[in-house]
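Here is a friendly walk through one model, from its charged side chains to its strands. Have the viewer open as you read.

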Amino acid sequence: DRSSTVREGILVGCGNPLLDISASVPMDFLKKYEMNEDDAILAEERHMPIYRELVDGFQAEFLAGGSVQNSLRIAQWILGQPKVAVFFGCVGEDEYADILMEKARSAGLDVHYQIKKDVPTGTCAVLITGTHRSLCANLAAANNFTIDHLDQPHNKTLVENALYYYISGFFLTVNPPSIMQVAATALAKQRPFLMNLSAPFISQFYMAPLLAVMPYVDIIFGNEAEAHAFATAQGWPTEDLREIGKRLVALDKLNPARPRIAILTQGCDPVLLIQRDSVEEFPVTRLAVHEIVDTNGAGDAFVGGFLSQFVQGKSLDVCIRCGNYAAGHIIKNPGCTYTGEPQFVE
Ligand code: AP5
Ligand code: NA
């Protein structure tokens, strides 16, 4: 009995449902597309041949992806009770959508996709070079999400009935009005709204919508590179993650009764929990090199583990330790996938 206290639909997330097309590639492949080892970018016209090439030439694996959907699948796995988490995003009407739906549903996620006919389901190329992974997302149908999907009576009820909300920074490239609407609902009902910096390019190119939603954000997640990108885009004269975290939590906030929290991961270095006047560290159990399959999905799994405890009202300490547990597990598996039953002990 892992979670008898959580009710269905307590957590709502919005994001880009993407099918990951993952393969190990030589460095030359990255060079050819002018990509770096740890990129997370949006595909431009010149990247479009990547997906076909991965399938034809590199024995690519297809894995359910999309950052928020990954996190919610992991939360469901740990909770072991179906339909705690509800997911909204846009897919096409094709085989990839069927795969995503099947993976999400078998993980226990309550999926409510908006379906855009005539546009293919989004994909994300995951280019693995040793222990690095470079991501190139072709959002396709995911980019067609519209706010009227959230305004459908059934979906509206789902949003209103949730007690926790999680949206990625990635979704800022798709539909800021939907994000603002969910954030406003969270604020009006005094419920936590959680967000992720998601990738450096979000701070570089989508700072305006990110800053527009920030006053609603109760918990902000990010990794080192994302925190640094945010600081640089803000012109903050510091590279110190603790200082960046303090500045993140000090940004304007609409509900001062719930001061903002920043949670910054830094690979195998300790996770930083930054609150108004304090910075706490949570150690990460180092994995031996031979245990690491790929780190793809580590950040998403961290959030999933965190959410699985947060929706049960557990302390931040337990939430973060479960985040580290989930990330550690996912690293031992390809992409953002898990095996067996979760073994997290509070
Ligand atoms: P990706 O960015 O790979 O996933 P991630 O979950 O963010 O994983 P990273 O490896 O980047 O981790 P991180 O750097 O965030 O975290 P950190 O290393 O600090 O993206 C995966 C998904 O994104 C794909 O499925 C794709 O579909 C999706 N995606 C891409 N573009 C998108 C878009 N535009 N829209 C929507 N989705 C998109 O580590 C976090 C934690 O992991 C640590 O705190 C620790 O607990 C653990 N950890 C990390 N390294 C180690 C280690 N060496 N040993 C032990 N534990 C470790
Ligand atoms: Na993995």
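Is Asp56 buried or exposed? Keep in mind that this is a predicted model. Asp56 has a relative accessibility of 56% and counts as exposed, because the cut-off for that class is over 50%.

**Salt bridges**

Asp56 does not stand alone: its side chain meets that of Arg52 in a salt bridge. Arg52 is exposed as well, with a relative accessible area of 54%. The two residues are four apart in helix H2, so about one helical turn separates them.

Helix H1, residues 27-32, offers a similar picture. There Lys31 and Asp28 are three residues apart, which puts about one helical turn between them. Their side chains meet in a salt bridge. Lys31 counts as exposed at 56% relative accessibility, and Asp28 counts as exposed at 55%.

A further pair is formed by Arg258 and Asp218, which make a salt bridge. This pair links distant parts of the chain, 40 residues apart: Arg258 sits in the loop between helix H11 (241-250) and S12, while Asp218 sits in the loop between helix H9 (207-213) and S11. Arg258 is partly exposed at 26% relative accessibility, whereas Asp218 is buried at 5%. Lys253 joins in too, as Asp218, Lys253 and Arg258 are linked in a network of salt bridges.

For setting up distance checks, here are the three pairs with their N to O separations.

| Pair | N to O distance |
|---|---|
| Lys31 and Asp28 | 3.8 Å |
| Asp56 and Arg52 | 3.1 Å |
| Arg258 and Asp218 | 3.3 Å |

A search of the whole structure finds eleven salt bridges.

**A negative patch**

Some charged residues are found in a surface patch instead. Glu93, Glu95, Asp98 and Asp118 form a negative one. Glu95 belongs to helix H4, residues 95-106, and is exposed at 59% relative accessibility.

**Following the strands**

Now turn to the strands, beginning with S10 (residues 193-196). S10 runs parallel to S11, and three bridges join them. Leu194 stands opposite Ile219 of S11. Asn196 also lies in S10, and this residue is buried, with a relative accessible area of 8%. The C-alpha atoms of Asn196 and Gly323 are 14 Å apart, although their positions lie 127 residues apart along the chain.

Why is S11 described as largely enclosed by the rest of the structure? S11 covers residues 219-223, and four of its five residues are buried, so the rest of the structure largely encloses it. On to S12 (residues 261-266): five bridges join it to S11, and the two run parallel. Ile220 has Ala262 in S12 as its bridge partner.

The direction then changes, with S12 and S13 (residues 269-275) running antiparallel and joined by four bridges. Ile263 is partnered with Leu273 in S13. These two strands form a hairpin with two residues between them, and Gly267 in the turn has a positive phi of about 55 degrees. S13 is also joined by five bridges to S14 (residues 278-282), again in an antiparallel arrangement. Gln275 has Ser278 as its bridge partner in S14, and S13 and S14 form a hairpin with two residues between them.

**Back to H2**

One last stop is Ile50, which is found in helix H2, residues 49-57. Ile50 counts as buried, at 0% relative accessibility. Its C-alpha atom lies 8.3 Å from that of Tyr33, with the two residues 17 apart along the chain.

Notes. Residues are numbered from 1 along each chain as its sequence is written. Chains are lettered from A and ligands numbered from 1 in the order in which they are written. This is a predicted model: local features need pLDDT of at least 70, side-chain atom pairs count only at pLDDT 80 or more; totals for chains, interfaces and linings use all residues. Side-chain values use heavy atoms; hydrogens and water are left out. Patches are made of residues with over 30% relative accessible area and no salt bridge: like charges are joined within 9 Å, nonpolar side chains (Val, Leu, Ile, Met, Phe, Trp, Tyr) within 5 Å. Accessible areas come from the Shrake-Rupley method with a 1.4 Å probe; for residues, only the protein chains shown count as cover. A salt bridge is a side-chain nitrogen of Lys or Arg within 4 Å of a carboxyl oxygen of Asp or Glu. Lys and Arg count as positive and Asp and Glu as negative; His and the chain ends are not counted. The place of a charge is taken as NZ of Lys, CZ of Arg, CG of Asp or CD of Glu. Buried means under 20% relative accessible area, exposed over 50%, partly exposed in between (1.4 Å probe, protein chains only). Two strands pair if DSSP finds at least two bridges between them.
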